[in-house]
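Student: I am new to this structure and would like a close look at one part of it, the strands that pair with one another and whatever packs around them. Could you take me through that part slowly, starting from a single residue and placing the rest of the chain around it?

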Amino acid sequence: SILMAHLAVTHCLFNPGARVLLARKALPDLKSTIYKEIIEHISEDLVEGKDYKLNDSIAMIRFSNGSEIISRSWSDKRYKKGRSLKISFLVFEELTENNEEDKEAFMTLKARLRRLPHVKENVLIAATNPDSQSHWVYKYFFDETKETRFVFKSITTDNPFLDPVYIKQLKDDLDPISAQRYIYGE
């Protein structure tokens with residue numbers, strides 16, 4: 001999450017007029033995860049009211065250079081409400097919480113990338129770890145290999161910022177299949 005937060009903020013700061021979209025099935029979940037992570041990340045070095053302004057009710061951040069971070073959710077099944085957006089960076093939090101029907105939200109929002117021609121670098125990043133090879137997210141990222149799609153496995157034991165006790169607890173508590181998923185990114 002901190003990597004996604006950092007990438008989203010960096011995109012906004014280095015690309016005036018950029019628009020990052022935070023996407024998650026339910027807005028309360030989005031606000032308590034990636035949005036909160038971004039707020040914590042920027043509050044270390046930037047000054048609210050000078051460098052950025054917040055609208056917490058809709059999980060939006062507007063930077064002084066005209067870039068912004070906006071949010072969308074689709075727990076109401078209104079997948080098409082994102083059709084008019086113009087975005088240059090798309091962050092999907094917990095993509096695997098979406099079923100086959102919810103895939104429409106992913107496809108709709110993905111199609112909104114590259115709509116700001118002044119921003120040369122456009123990115124889609126999804127934090128996800130499919131629990132089954134039958135899940136559409138697994139099929140999309142692992143079975144349908146494309147030269148523009150990259151999968152990076154996050155290995156918990158490689159993260160120097162995690163408490164070693166936390167990692168030991170995971171190893172002690174998880175069954176072998178869950179450990180492969182949650183510790184070793186499989």
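**The paired strands and their surroundings**

Tutor: Gln-169 is partly exposed, with a relative accessible area of 40%, where buried means under 20% relative accessible area, exposed means over 50%, and partly exposed lies in between (1.4 Å probe, protein chains only). This is a predicted model, in which local features need pLDDT of at least 70 and side-chain atom pairs count only at pLDDT 80 or more, while totals for chains, interfaces and linings use all residues. Residues are numbered from 1 along each chain as its sequence is written, and side-chain values use heavy atoms, with hydrogens and water left out.

Gln-169 belongs to helix H5, residues 164-173, and its C-alpha lies 35 Å from that of Glu-144, although the two are 25 residues apart in sequence. Helices (H or I, at least four residues) and strands (E, at least two) are DSSP runs, numbered from the N terminus. The protein chain has six helices and six strands, and from the N terminus on their order is α-β-α-β-β-β-β-α-β-α-α-α. The radius of gyration of the protein chain is 17 Å, close to the 16 Å that the globule rule gives for 186 residues, so the chain is as compact as a globular protein of that length; the radius is taken over C-alpha atoms, and the rule is 2.2 Å times the number of residues to the power 0.38. Along the principal axes, the C-alpha atoms fill a box of roughly 50 × 35 × 35 Å, and 41% of the 186 residues count as buried.

Now to the part you asked about, beginning with strand S1, residues 19-23, which is mostly covered, since four of its five residues are buried. Two strands pair if DSSP finds at least two bridges between them. S1 runs parallel to strand S4 (residues 68-72), to which five bridges join it, and S1 also pairs in the parallel sense with strand S5 (residues 89-93), over four bridges. Leu-22 shows both pairings, standing opposite Ser-71 in S4 and opposite Val-91 in S5. As background, the side chains of a regular strand alternate between the two faces of the sheet.

From S4 the pairing can be followed to strand S3 (residues 60-63), because S3 and S4 run antiparallel and are joined by two bridges. One pair here is Arg-62 with its bridge partner Glu-68 in S4. Four residues lie between the strands of this hairpin, in which Gly-66 takes a positive phi near 90 degrees. S3 in turn pairs with strand S2 (residues 52-55) in the antiparallel sense over four bridges, and Asn-55 stands opposite Met-60 in S3. The hairpin of S2 and S3 also has four residues between the strands, and Ala-59 there takes a positive phi near 55 degrees, in a residue other than glycine. Ala-59 lies in the loop between S2 and S3 and is buried, with a relative accessible area of 0%.

On the S5 side, Ile-87 is found in the loop between S4 and S5 and counts as buried at 0% relative accessibility. Contact means heavy atoms within 4.5 Å, and, residues up to four places away in sequence not being counted, those that Ile-87 touches include Arg-19, Leu-21, Leu-109 and Asn-122. Glu-94, in the loop between S5 and helix H3, has a positive phi of about 50 degrees although it is not a glycine, and at 35% relative accessibility Glu-94 counts as partly exposed.

Helix H3 (residues 103-110) has Ala-105, Phe-106, Thr-108 and Leu-109 as its buried residues, and these pack against S1, S5, strand S6 (123-127) and helix H4 (136-143). In H4 the buried residues are Trp-136, Val-137, Tyr-138, Tyr-140 and Phe-141, and what covers them includes H3 and S6. Across the chain, among contacts between residues at least 6 apart in sequence, 69% join residues at least 24 apart.
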